[in-house]
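Subject: Handover of a structure and summary of findings

Dear colleague,

Please find below the structure I am handing over to you. My notes on it follow, arranged by topic.

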Amino acid sequence: MIGEVKTGLELGKPHSRRYHKYIYHACIDCGLERWTGYDGGIVNASRCKACENRFKAKLNPHLYKKGIGSGLTYEEKTWLKDPKYLENQRIKRLGKPSGNKGKKHPEMGRHLSETTKGQRRSPKTEFVKGQFAKEKHPNWKGGITEENHLARCSVEFKEWRKQVFERDKYTCQNCGDKKKYLHPHHIKDFANHVELRFNVDNGVTLCKDCHMKLHGLIPKEVMIVESSAS
C-alpha cells in the first residue's frame, strides 16, 4: 500500500484540505507508515513528527536540553528539572562571561523615528494639519461643545494644573497625602471668575477625597481651605 496517492476527499479531510493530495509513506527513520502531504511529486514530510523533533534536537542541542520540540520522554524532561542537576549547571557557569559580552548591536535600541527619518509618505495618506478641523470632520455638529468643557481641556488649563502641583510639591494641602489622586482646586470658582481661571495663585492642590468633601459631593469635614473662599 506504500506509495498509494489519494485526495483529502477520499480520506475524509476537512473542507479546506479535501482536494489536497496525500501519499501513504514510511518514515525514513523509524519506518512508521502514515498519510502525509504530497504536492508536485514531492513528499512534504519524510519523517514522522517524533523523528522530526529528534532530528531538530540534534541540530540545536540547546532546545534538546530544554526539552522544547525535542521529542524527549517524560522521564528525560523530569530529569532536567532535578535541583541537583540545575545546581551543577549553575556552578559550571559561575565566573564565565556572557556570550554576548563586549558585542555591539547598533540596530538594537534605535528609535523608530531615526529609522524612518527623511521618508515621505504618499500625498494621499499623509496627514495635513487642520484637515479634520471643525466642519471638515464627519462628526461635526456645529460647535455644540460647552465653553466650560473647552476651557478645561485646553493647553492653558493643563499648564496651570502642572504649575499648581509643582508649587505645592504634589501634596494635598488639606490632609498632606502625596499618594492619593490629586485635583487642582480653584479658590475663586472657575465659572464666575473668568480672569482668574489660569492664575496660579487662584489654585490649590487637593486630593480627590478632600476635593469632593469641599464641593459637598460627600459628607463635609473640617477643611483647611475655606469653602467660602471658593
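In what follows, two residues are in contact when heavy atoms of theirs lie within 4.5 Å. Please bear in mind throughout that this is a predicted model.

With that cut-off, and leaving aside neighbours within four places in sequence, F165 is in contact with Y170, L182, H183, P184 and T205. Apart from the core to be described next lies another one of six residues, which include A151, W160, V164 and F190.

The largest nonpolar core

F165 belongs to the largest nonpolar core, which has eight residues: alongside F165 these are C172, L182, V204, L206, C207, C210 and L214. Two elements, β6 (203-207) and α8 (208-214), each supply at least two residues of this core. The element that gives the most is β6, with three residues.

Strand β6 and its partner

How many of the five residues of β6 are buried? Five of the five are, so the strand is largely enclosed by the rest of the structure. In a regular strand the side chains alternate between the two faces of the sheet. In β6 both faces are covered: G203, T205 and C207 are buried on one side, and V204 and L206 are buried on the other.

The strand pairs with β5 (182-186), and the pairing of β5 and β6 is antiparallel, over five bridges. Within this arrangement, H183 stands opposite L206 of β6.

The loop before β6

N202 is placed in the loop between β5 and β6. This residue is buried, because its relative accessibility is 5%, and the limit for that class is under 20%. A polar atom of the N202 side chain lies 3.1 Å from the backbone oxygen of L196. Not counting residues up to four places away in sequence, N202 touches W160, H185, H186, I187, K188 and L196. One of these, W160, is also among the residues of the six-residue core mentioned above.

Helix α8

H211 is found in helix α8. With a relative accessible area of 10%, H211 is buried. Its contacts, again leaving aside neighbours within four places in sequence, are H183, P184, H185 and L206. H183 and P184 are also in contact with F165, and L206 is a member of the largest core.

Cysteines

A disulfide is a covalent bond between the sulfur atoms of two cysteines. A search of the whole structure finds zero disulfides. Two cysteines illustrate why. For C27, the closest cysteine sulfur is that of C30, at 3.7 Å, which is too far for a bond. For C210, the closest cysteine sulfur is that of C207, at 3.4 Å, and this too is too far for a bond. The cut-off applied here is 2.5 Å between the sulfur atoms. C27 is buried, with a relative accessible area of 4%, and C210 is likewise buried, at 5%. Both C207 and C210 are members of the largest nonpolar core.

Salt bridges

Side chains of opposite charge can pair when their charged atoms come close. The count in this structure comes to five salt bridges, and three of them are described here, each with its N to O distance.

- E87 and R90 form a salt bridge whose closest N and O atoms are 2.7 Å apart. Both residues lie in helix α4 (residues 83-93), three residues apart, about one turn of the helix. E87 is partly exposed, with a relative accessible area of 34%, and R90 is partly exposed at 41%.
- R167 and D168 form a salt bridge whose closest N and O atoms are 3.1 Å apart. R167 is partly exposed, at 38% relative accessibility, whereas D168 counts as buried, at 11%.
- K6 and E4 meet through their side chains in a salt bridge of 3.8 Å, N to O. K6 is partly exposed, with a relative accessible area of 23%, and E4 is partly exposed at 30%.

Where to look

When you open the model, I would suggest beginning with β6, which is covered on both faces and pairs with β5. From there you may turn to N202 in the loop between the two strands, and then to H211 in α8.

With kind regards

Technical notes
Residues numbered from 1 in each chain as written. Predicted model: local features only at pLDDT ≥ 70, side-chain atom pairs only at ≥ 80, totals over all residues. Heavy atoms only, no water. Core = buried A, V, L, I, M, F, W, Y, C linked by side-chain atoms within 4.5 Å. Buried < 20%, exposed > 50% of the residue type's maximum accessible area, 1.4 Å probe, protein only. Helix = DSSP H or I, 4+ residues; strand = E, 2+ residues; numbered from the N terminus. Polar contact = N/O pair within 3.5 Å; in protein donor to acceptor, adjacent residues only side chain to side chain. Pairing = 2+ DSSP bridges. Salt bridge = Lys/Arg side-chain N within 4 Å of Asp/Glu carboxyl O.
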